[in-house]
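This briefing covers strand pairing, disulfides and helix packing in the structure shown below. Please read it with the sequence and the model at hand.

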Amino acid sequence: MRLLLVHSFLLGLTFTQAAVTVYGPHVPGSGTIDAPSASYTGAASYNPTTLTPPPVPNPPPATQFNIVLQNGNVAGLSIPQRGSFFGFSIEFSVVTQVRDSFLQVPFLNLMANIRERAGSVHVRVGGNTQDSATLVASTPDGAALEKDKTNESNPTATPPTIFTAEIIKMMASISALTNVRWYMGVPFNDTTNFRLQIAEVGEAILGDYLVGLQAGNEPDLYSRHGHRPQSYAPSDYTAEFGLLIDAMDDDSNISNNNLLIGPNLAGVWTPEEVWDTGFVNDYSQHLSALAVERYPTDNCYAQFGVGTPRTGQEMFPTYLTHTSGQHIVSSFLNSTNYAQTVGKPLMMFETNTASCGGFPGLSDSYGAALWGIDYGLQMAYSNFSGALFHVGGQSVYYNPFTPPVTNQSTFHQWTIGPIYYSALVVAEALGPSNLSQVVDLNPNGGNEFTPGYAIYENGQPMRVALVNYVTDPTGASDYTASISIAGSTPAQVKVKYLSATSTAQKYNFTWAGQTFGDVFGSDGRPVGNIDIQTVPCDQAAGVCQIKVPAPGFALVFLSDQALSESDQGPTMTFPTTAYTKLQNTVTIDQAVLATSNGNRGLGDALAGTSNGRQKSGAFGLKHALPASLGALLAGAFVVGRLVR
């Protein structure tokens with residue numbers, strides 16, 4: 001046991017560089033990972049692979065173009081959108097990595113950042129693991145959540161999960177602090193005996209913070225995964241949905257059975273095939289929303305040996321274009337129109353850069369941040385009513401945020417991915433009024449590398465969002481958009497930039513001068529000085545000239561009101577002064593730590609670290625290290641032992 005713990009501690013500190021073959025069904029990118037003189041053996045979320053950005057398009061986009069905005073009577077505006085349009089979907093089986101019964105301060109901070117800009121945050125706890133989850137009174141070892149890895153199923157090796165009400169109580173505590181609104185899921189793997197405890201307890205504990213219950217996750221994949229007969233069809237799902245409603249009607253512990261969400265399709269069935277069964281008409285009073293799930297592509301072959309082999313480098317250019325988001329939403333335009341006719345919101349309930357974990361170097365790049373902004377605003381323009389970007393634990397590349405491996409938050413902290421930056425930007429673009437309407441401007445002659453959107457409130461233009469997908473360090477592909485507003489030109493506008501040197505850059509992006517840093521670099525609060533550019537306008541010519549670097553993103557606030565609405569000053573965040581570990585803790589002089597070096601190996605390996613025992617040394621290291629450092633390492637090993 002002691003040797004295993006030492007190995008775990010060292011593994012958490014080791015990054016190496018060269019070619020390595022990674023084995024095992026839970027590691028994305030199984031196969032050979034090539035990087036210059038490099039070898040990486042850590043978790044996928046911190047994979048250092050960096051791609052090569054696409055060359056400047058030939059012919060290149062024009063670098064000067066006009067944008068004319070109308071006041072009132074604007075054609076083509078979306079339905080009114082909430083500032084909380086962009087939310088998160090957390091895979092149920094990894095929920096305790098993100099937020100255990102001890103409230104993770106970085107998670108609170110991350111949610112507070114969005115809440116401050118949008119008014120609230122929408123988070124789904126679900127995914128493949130929700131369909132086989134069971135709420136129990138207690139677990140064998142007292143944990144809030146446990147996974148049965150002996151009964152994993154599906155190509156994605158989904159483990160059955162048991163959990164206690166502690167998970168839901170913790171969700172309520174998060175909501176009280178950050179106004180998170182929750183979506184959960186009713187297990188759908190046994191429709192002869194629906195396990196409704198999650199609805200009962202969720203309603204009782206969360207109250208109004210519970211805004212939806214998903215009924216079936218990707219039912220169009222059930223037969224393919226062996227969970228239903230091969231003949232399973234949309235009409236069968238509709239019938240089972242009715243059985244769920246009957247069961248909820250018969251449950252006296254459920255007072256609100258009008259929170260259900262369906263059909264949550266993966267793309268094997270079309271939504272129209274479900275609408276044609278009478279699904280919405282028959283169950284309208286029980287449906288809080290309609291929902292689908294979609295990823296632009298997948299990396300399943302690298303993980304599980306199914307599907308088509310793809311590489312991040314090969315796929316990278318397909319994300320750095322406006323046509324990516326347009327293509328994803330195109331198959332849902334009929335359904336967004338249909339949803340309005342039946343008075344229901346249509347949500348993108350789970351999405352991200354690629355299913356089966358995304359791609360190394362792509363999903364964690366600045367290019368992914370630009371793509372997430374463009375895709376998010378394209379969904380809003382296309383009359384989706386919300387979109388949830390998936391969080392999948394340590395073994396994926398696309399996480400908006402990733403807690404450190406094990407509980408090493410004292411010295412490693414959290415890693416913030418590009419999609420989280422996208423969420424901040426979209427929240428500010430839409431603002432908290434819940435009146436924002438989006439229009440795709442198709443500027444620059446509709447060039448796919450320079451998309452732009454305008455955001456209106458009450459018929460008045462408030463903000464303009466401009467993307468430049470081109471990577472060109474020479475500056476020759478920077479563009480200037482000349483914005484004019486019919487009938488009025490402000491004396492000046494304010495601009496925030498999301499900046500990086502290349503679409504392939506990983507981490508350390510800046511949003512208005514602030515960043516969440518590198519891997520293991522954040523407590524959920526942006527750091528750095530706020531940098532909001534003031535751009536004077538030529539009122540005589542009626543134009544405001546906005547420069548967007550290549551690559552780059554600019555959010556233009558057309559009035560002080562538009563800026564103050566989206567950016568209300570410093571966010572109320574939470575101090576990182578809480579402790580999860582009460583024994584074997586110590587403060588070390590950093591100068592002593594930097595110059596210390598042990599040389600006795602495991603010579604005195606009889607140390608004890610249990611509470612109340614005499615501690616004779618940390619695995620024989622006490623003679624080689626200062627006493628305080630030996631105590632720290634002993635404490636680190638205890639942390640390793642406690643991790644589930």
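Strand 4 (residues 86–91) and strand 5 pair in the parallel sense over four bridges; two strands count as paired if DSSP finds at least two bridges between them. Helices (H or I, at least four residues) and strands (E, at least two) are DSSP runs, numbered from the N terminus. The structure is a predicted model, in which local features need pLDDT of at least 70 and side-chain atom pairs count only at pLDDT 80 or more, while totals for chains, interfaces and linings use all residues. Residues are numbered from 1 along each chain as its sequence is written, and side-chain values use heavy atoms, with hydrogens and water left out.

**Strand 5 and its partners**

- In the pairing of strand 4 with strand 5, Phe88 stands opposite Val123 of strand 5.
- Strand 5 also pairs with strand 9 (residues 180–186), again in the parallel sense and over four bridges.
- In that second pairing, His122 is placed opposite Arg181 of strand 9.
- Strand 5 spans residues 121–126, and six of its six residues are buried, where buried means under 20% relative accessible area, exposed over 50% and partly exposed in between (1.4 Å probe, protein chains only).
- Both faces of strand 5 are covered: one side carries Val121, Val123 and Val125, the other His122, Arg124 and Gly126, and all are buried.

**The sheet of strands 3, 20 and 24**

- Three strands form an open sheet in the order 3-20-24, with mixed pairing.
- Strand 3 (64–69) and strand 24 (544–548) are at the edges with a single partner strand each, so one side of each has no neighbour in the sheet.
- From one strand to the next, the twist averages 25 degrees.
- Strand 20 (residues 479–485) pairs with strand 24 in the antiparallel sense over five bridges, and Ser482 stands opposite Gln545 in strand 24.
- Strands of a sheet pair through backbone hydrogen bonds, either parallel or antiparallel.

**Disulfides**

- Two disulfides are found in a search of the whole structure; a disulfide is defined as a pair of cysteine sulfur atoms within 2.5 Å.
- One disulfide joins Cys300 to Cys356, with an S to S distance of 2.0 Å.
- Cys300 lies in helix 9 (residues 300–304) and Cys356 in the loop between strand 13 (346–351) and helix 13 (366–381), so this pair ties together parts that are 56 residues apart in sequence.
- The torsion about the S-S bond of Cys300 and Cys356 is about 80 degrees, so this disulfide is right-handed.
- Cys300 is buried at a relative accessible area of 13%, and Cys356 counts as buried at 13% relative accessibility.
- The other disulfide is formed by Cys537 and Cys544, whose sulfur atoms are 2.0 Å apart.
- About the S-S bond of Cys537 and Cys544 the torsion is about 105 degrees, and the disulfide is therefore right-handed.
- Cys537 counts as buried at 13% relative accessibility, and Cys544 counts as buried at 4%.
- With the bonded cysteines of the protein numbered in sequence order, the pairing is 1-2, 3-4.

**Packing of helix 3**

- Helix 3 (residues 105–118) packs against helix 4 at an angle of about 45 degrees, with their axes 10 Å apart; axes are lines fitted to C-alpha atoms, for helices over the stretch in contact, and angles run from 0 to 180 degrees between N-to-C directions.
- Helix 3 and helix 4 are therefore oblique to each other, given that angles under 35 degrees count as roughly parallel, over 145 as roughly antiparallel, 65 to 115 as roughly perpendicular and the rest as oblique.
- The crossing of helix 3 and helix 4 is right-handed; a crossing is left-handed if the near helix is turned anticlockwise from the far one by less than a right angle, and right-handed if clockwise.
- Phe107, Leu108, Met111, Ala112 and Arg115 of helix 3 make this contact with Ile174, Leu177 and Thr178 of helix 4, contact meaning heavy atoms within 4.5 Å.
- Helix 3 and helix 14 (residues 418–430) pack at an angle of about 20 degrees with their axes 8 Å apart, which makes helix 3 roughly parallel to helix 14.
- The crossing of helix 3 and helix 14 is left-handed.
- Here Asn109, Leu110, Asn113, Ile114, Arg117 and Ala118 in helix 3 meet Tyr420, Ala423, Leu424, Ala427 and Glu428 in helix 14.

**Thr178**

- Thr178 lies in helix 4 (residues 165–178) and is buried, with a relative accessible area of 0%.
- Apart from its neighbours within four places in sequence, Thr178 is in contact with Leu108, Met111, Ala112, Arg115, Val121 and Phe574.
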